[in-house]
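Student: I have a model open and I'd like to learn how to read it. Can we go through it feature by feature?
Tutor: Sure, let's bring it up.

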Amino acid sequence: MYKCIEYKPGSLGKPSPALDIVILDENENELGPGVTGEIALKKRDGKIFGSFMGYKDEPEKTRKSLTENYFHTGDIAYYDKDGYFWFVGRNDDLINSAGYRIGPFEVESALMEHPAVVEVAVTSSPDEERGEVVKAFIVLKNFPSVRRIEISTD
């Protein structure tokens, strides 16, 4: 964190001035404020400052991550009008349920808003009809009157 950059609670902050960080769509088009896409580092003179050159013994993964102009991080986010970045999830961490792509981070964030919830982890669980379904593991606060909470996806 830089002392000259103000902190905005909940955000990832602003990028280092040494890096060109952008948000891209699936066709490597740079997106504007408020539009969710993948965080990428833009190459300068064909290189990325301070970044690795590829994944050891994984040329296919390297090819997908290091394109001609960008290094794809796999992190999904957006930036606001003030240039602060906000994390949404991972592009390799999506749950595909009945054709819907569900980000565990969004589900976890919604569940954490319940006053009885201390901690939550969301994963997928196999389902014959839908391919995958959302499965949540929830730790509740010690409320004597709360033994369980019910959350419906219907």
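Student: Which residues does Ala77 touch, not counting residues up to four places away in sequence?
Tutor: Keep in mind that this is a predicted model. Here Ala77 touches Ile23, Val35, Thr36, Gly37, Ile39, Trp86, Phe87 and Val88. Ala77 itself sits in strand β3, residues 70–79. For one of those partners, Val35, the C-alpha atom is 8.3 Å from that of Ala77, with the two positions 42 residues apart along the chain.

Student: Is Ala77 buried or exposed?
Tutor: Buried means under 20% relative accessible area. Ala77 has a relative accessible area of 0%, so it counts as buried.

Student: And Ser125, buried or exposed?
Tutor: Ser125 comes out at 18%, which is why it is buried too. Its place is in strand β7, residues 117–127. Leaving aside neighbours within four places in sequence, Ser125 is in contact with Gly131, Glu132, Val133 and Lys135.

Student: How confident is the predictor, as mean pLDDT of the chain?
Tutor: The mean is 85, and 90% of the residues reach 70 or more. Among the elements, strand β1 (residues 21–24) has the highest mean pLDDT, at 96, while strand β6 (residues 100–102) has the lowest, at 83.

Student: What about backbone angles: what is phi of Glu28?
Tutor: Near 65°, a positive value in a residue other than glycine. Glu28 lies in the loop between β1 and β2. Its relative accessibility is 24%, so Glu28 counts as partly exposed.
Tutor: Ala98 is another case to look at, with a positive phi of about 55° although it is not a glycine. Ala98 lies in the loop between β5 and β6, and at 48% relative accessible area it is partly exposed.

Student: Now the empty space. How much of it lies in the largest pocket?
Tutor: The general idea is that rolling a probe the size of a water molecule over the atoms shows where empty space is left. In this model, the largest pocket holds about 670 Å³. It is lined by 29 residues, and the closest to its centre are Glu38, Gly74, Ile76, Asn91 and Asp92.

Student: Which element gives the most to that lining?
Tutor: β3 does, with four residues. Elements supplying at least two residues each include the helices α1 (59–65) and α2 (104–112), and strands β2, β4 and β6 are also among them.

Student: How do the lining residues divide by character?
Tutor: Into nine nonpolar, nine polar and eleven charged.

Conventions. Residues are numbered from 1 along each chain as its sequence is written. This is a predicted model: local features need pLDDT of at least 70, side-chain atom pairs count only at pLDDT 80 or more; totals for chains, interfaces and linings use all residues. Side-chain values use heavy atoms; hydrogens and water are left out. pLDDT is the predictor's confidence in each residue, from 0 to 100. Buried means under 20% relative accessible area, exposed over 50%, partly exposed in between (1.4 Å probe, protein chains only). Contact means heavy atoms within 4.5 Å. On a 1 Å grid over the protein atoms alone, a cavity is a set of points where a 1.4 Å probe fits but cannot get out, and a pocket is an open set with protein on both sides within 12 Å along at least five of seven lines; lining residues have an atom within 4 Å of a point. Grid points are joined across faces, edges and corners, and a volume is the space filled by probe spheres set on the points. Ala, Val, Leu, Ile, Met, Phe, Trp, Tyr, Cys and Pro count as nonpolar, Asp, Glu, Lys and Arg as charged, and the others, Gly among them, as polar.
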